[in-house]
Each structure stands twice: as structure tokens, then as C-alpha cells.
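Hello! Here are a few notes to read alongside the model, gathered into short points.

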Amino acid sequence: MRRDVYTSDGRRLAVEIGGDPGGSPVFLLHGTPGSRLGPAPRPMLLYHQRVRLITYDRPGYGRSDRLPGRPVSHVASDVATIADALGIERFAVVGRSGGGPHALACAALLPGRVTRVAVLVSLAPRDAEGLDWFAGMADSNVDEYSKALDGPDQLAASLRARSVDIRADPRKLLAQLRWELTESDLRVVADAAIRAMLERNYSEALRVSADGWVDDALSFCNSWGFSLGVISVPVLLWHGEQDVFSPASHTRWLADRIPGGTAVLHPRAAHFASLRVLPEIVTWLLGGRSRLAADRG
């Protein structure tokens, strides 16, 4: 079910609500580029786990209004606004890929409302001390974030050109990335259902413009607007060691700086393997025991 929620400054946020209407609320924050229609556990699994899943288009994506210059920290206010509109006081949060930094913002800035946070294949802050930020990163992402560091104009021109192609044929984003995919990722995207879901996700993300994509990339390369050291809720960080889009070294760096953070690193997995662990992640978010601990590196 989709509904629109409006922020105090009048912006529209497009929200999707699925799973068990009476279940435990879990916010799922999408990747980059992405939308509310992105990867999620199957509806029957959500009903079985008694989960009410809430996703939404970050500003500039899909049907949500843009917020130029938004820092990563903006997400806390938007998530709180959506929770208020839905009558939800306490909730868990999971963020995958570009949603990872945003999930951490919720952990840091909404400690009275967030119960647990899971972060899958996330980036670390661009100014992470002691981390070689680009080491092990695919050329496409190095190019994108290098443009972001040079300023918004060059980045916007590049991503807008790519988004025109992807809107015309959503298969093109995976096709553009295919030569950089590891064997692990190739096995995941070989699944026709996963591939169709990703294409639907990218199509919706860029349905109007590349603005959300541009603003995400810029926000990751600027100050996130919060301190990891203030996080007091349980945080689980999952990463595939073979990831070339957001290298696993980023999660190791994050885990060392998040009080009480737990890192699970899978030696044979890569970026898109995070789609397959989402059901186990949800089990952990609800306070249950998860088999993910067996994969801890």
C-alpha cells in the first residue's frame, strides 16, 4: 500500500507499507540509486515473521520531493515524520548499501525511538581517519565519488546522462555494472525474479530525474551530520568480503567505532548477496536469534 506523507516544510515523501498490518514495524532504507520498491523480504515471509515493513523514496527519488544539499542526518527527521503519521512510536531500522549511512543516522539521532539497527554493505564516512576509502572499490564508484568530491556540477551531468539511459531501459544499470560484478554477485543477479525486482526498483528511483542519486553521492562525501560515538542502540553490520562497490574495509572501520556494534563478514559473499540475508537480518531486528552469527569473520 502506498501513501504520501508530508514533512513540516511541505515536502512529499512517498511511502510503501507491506507485510502484516499489526506486526512489528521495521523501516527498510533503500540503496543508491533506489526506491521504496527496492529489495525486501517476500510478503509471505513478512507475514510469517509478523513484520510491518515501511519503505520510502528518499528525497529526489521516485515520487518524493527533492531536498537539495541534504546531509545524511536529514533521514532521522523524515523517518520520524513517517512514523508519526503512521502512529508508530518505536521501530527497528535496516539500511542496505546507500541506505546504510542513513540507518546509522537513525541509530544516532533517534535513540528513544529506534530499537535495533542493521547495516548491510555500507560505506564509511569519506573523512574516515585511517581508512583508505577508495581501496578495493570498483572503477565506476571511484569515478562517481571522485566527481562528487570535485563538486555537484560534473557529478550531476554524469548521473543525469546515465539516468536517461536507465529510464529508457532499466536493464542498462545492471548491464553497465556487469563487467565489475564478482562471481558471487553474478550468481545473485542471474535469478530472474531478483533481476526483475532490481530493474523495477531502478526504474522507479529515476522515474523523474537523477536528483536523488546526485544528492546521495554528495551527502556520502560530505559531513554526515552526526557522531558514530553517540550510538547506544544495538547495531549489526553485515558485509561480503568480496564486495567491490562498498569494500568490506568500510564495515570493519565502522564496527571499530560504533559502541556495541557487531560485524558479520562473509568471506565468499559480495554486494548483492545482502539481498539474500535480509530475512535473517529481520529476525535479528526483532530480537530473535539469527544464523548470521555463524558467518562472522
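1. Please keep in mind that this is a predicted model. A good place to begin is helix α11 (residues 278–285), which is mostly covered, with six of its eight residues buried. Those six are Leu 278, Glu 280, Ile 281, Val 282, Trp 284 and Leu 285.

2. What lies over the buried residues of α11? The cover includes the strands β3 (24–29), β4 (51–56), β5 (91–96), β6 (114–120) and β7 (235–240), along with helix α1 (43–49). After α11 comes Gly 287, with a positive phi near 95°.

3. Strand β4 deserves a look of its own, as six of its six residues are buried. Both of its faces are covered: Val 51, Leu 53 and Thr 55 sit on one side, and Arg 52, Ile 54 and Tyr 56 on the other.

4. On pairing, β4 runs antiparallel to β2 (residues 12–19), and five bridges join them. Here Ile 17 stands opposite Ile 54 of β4. Five bridges also join β3 to β4, but this pair runs parallel, and Pro 25 has Arg 52 in β4 as its bridge partner.

5. Elsewhere, you may like the packing of helix α5 (residues 152–168) with helix α9 (residues 211–221): their axes come within 9 Å and cross at roughly 140°. That angle makes α5 oblique to α9, and the crossing is right-handed.

6. In that contact, the α5 residues include Pro 152, Leu 155, Leu 159 and Arg 160, and those of α9 include Asp 211, Trp 213 and Val 214. The contact residues divide into nine nonpolar, no polar and three charged.

Note on methods:
Residues are numbered from 1 along each chain as its sequence is written. This is a predicted model: local features need pLDDT of at least 70, side-chain atom pairs count only at pLDDT 80 or more; totals for chains, interfaces and linings use all residues. Side-chain values use heavy atoms; hydrogens and water are left out. Axes are lines fitted to C-alpha atoms, for helices over the stretch in contact, and angles run from 0 to 180 degrees between N-to-C directions. Helices (H or I, at least four residues) and strands (E, at least two) are DSSP runs, numbered from the N terminus. Angles under 35 degrees count as roughly parallel, over 145 as roughly antiparallel, 65 to 115 as roughly perpendicular and the rest as oblique. A crossing is left-handed if the near helix is turned anticlockwise from the far one by less than a right angle, and right-handed if clockwise. Contact means heavy atoms within 4.5 Å. Ala, Val, Leu, Ile, Met, Phe, Trp, Tyr, Cys and Pro count as nonpolar, Asp, Glu, Lys and Arg as charged, and the others, Gly among them, as polar. Buried means under 20% relative accessible area, exposed over 50%, partly exposed in between (1.4 Å probe, protein chains only). Two strands pair if DSSP finds at least two bridges between them.
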